[in-house]
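Colleague: I should like to understand this protein step by step. May I put some questions to you, with the structure before us?

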Amino acid sequence: MPFLTELIFQNIPGQLGRFRLVKPLVYVYNRTEEVFTVPEGFPTDLASIPKAFQNIASKLGKNIKAAIVHDYLYAQGFTSKKLADRIFLEAMKECGVSFWRRRLMYVAVKYFGGAAWREHRKKDG
């Protein structure tokens, strides 16, 4: 199993829809065997899914661990955007997300995740 740890998170007091990891989330990307560790305390909105699409993909669905790893990769800039999106696609498959849902979510981040990626890069500079 590419996820080596369980997902444990809690609400951030006073921040509706925001959470933080209680324990690190460790993921191994099968193609390169690279290990990504989302640290304890990492803040997340779980999955950044617009309300209009939440009937297709839930913030609390099977995709949640993959979404948190993807958010972390975007936030930290350890990889290119393209690789972060590919890791998201593979992680969703490993989490049991159906083919059509993971493809839809992958296409969404591939074509519409650029703003989030650029926003994080501005914070880096």
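**Questions on a predicted model**

Modeller: Let us begin with one pair of residues: R20 stands opposite P43 in β5. Please bear in mind that this is a predicted model.

Colleague: In which sense do strand β2 and β5 pair?

Modeller: Strands of a sheet pair through backbone hydrogen bonds, either parallel or antiparallel. Strand β2 (residues 19-21) and β5 are joined over two bridges, and the sense of their pairing is antiparallel.

Colleague: Which strands stand at the edges of the open sheet?

Modeller: Three strands form this open sheet, in the order β1-β2-β5, with antiparallel pairing. Each edge strand has a single partner strand, so one side of it is left without a neighbour in the sheet; the edge strands are β1 (9-11) and β5 (43-44).

Colleague: How are the rings of F9 and F19 arranged?

Modeller: The structure holds four aromatic pairs. In the pair of F9 and F19, the ring centres are 5.4 Å apart and the planes stand at 85°. Planes over 60 degrees apart count as edge-to-face, so the pair of F9 and F19 is edge-to-face.

Colleague: Is F19 buried or exposed?

Modeller: Its partner F9 is partly exposed, with a relative accessible area of 29%. For F19 the relative accessible area is 14%. Buried means under 20%, so F19 is buried.

Colleague: Which residues form one aromatic cluster?

Modeller: The rings of Y72 and F78 have centres 5.6 Å apart and planes at 65°, so this pair is edge-to-face. Y72 counts as buried, at 8% relative accessibility. The cluster is formed by F42, Y72 and F78.

Colleague: How many bridges join strand β3 to strand β4?

Modeller: Strand β3 (residues 25-29) and strand β4 (residues 34-38) run antiparallel. Within this pairing, V28 has V35 in β4 as its bridge partner. The number of bridges that join the two strands is five.

Colleague: Which residue in the hairpin of β3 and β4 takes a positive phi?

Modeller: Most residues other than glycine have a negative phi, and most peptide bonds are trans. The hairpin has four residues between the strands, and one residue in this loop is exposed, with a relative accessible area of 53%. That residue is not a glycine, although its phi is positive, at about 65°. The residue is E33.

Colleague: What is the distance between the end C-alpha atoms of helix α2?

Modeller: Helix α2 covers residues 81-94, and at 1.5 Å a residue its 14 residues should span 20 Å. The distance in the model agrees with this expectation: 20 Å.

Colleague: How many residues of α2 are buried?

Modeller: The buried residues of α2 include I87, F88 and L89, and also K81 and E94. Helix α2 is largely enclosed by the rest of the structure, because the number of its 14 residues that are buried is ten.

Colleague: Where in the protein is confidence lowest?

Modeller: The mean pLDDT of the protein is 85, and 86% of its residues reach 70 or more. Confidence is highest in β3, at 96, whereas the lowest mean, 73, belongs to helix α4 (residues 114-124). Where pLDDT is low, the predicted coordinates should not be read in detail. The element with the lowest confidence is helix α4.

Colleague: Which pattern does the protein follow along the sequence?

Modeller: The protein has four helices and five strands. Read along the sequence, these elements follow the pattern β-β-β-β-β-α-α-α-α.

How values were computed: Residues are numbered from 1 along each chain as its sequence is written. This is a predicted model: local features need pLDDT of at least 70, side-chain atom pairs count only at pLDDT 80 or more; totals for chains, interfaces and linings use all residues. Side-chain values use heavy atoms; hydrogens and water are left out. The expected span of a helix is 1.5 Å times one less than its number of residues. Buried means under 20% relative accessible area, exposed over 50%, partly exposed in between (1.4 Å probe, protein chains only). Two strands pair if DSSP finds at least two bridges between them. pLDDT is the predictor's confidence in each residue, from 0 to 100. Rings of Phe, Tyr and Trp (its six-membered ring) pair if their centres lie within 6.5 Å; planes under 30 degrees apart count as stacked, over 60 as edge-to-face and the rest as tilted.
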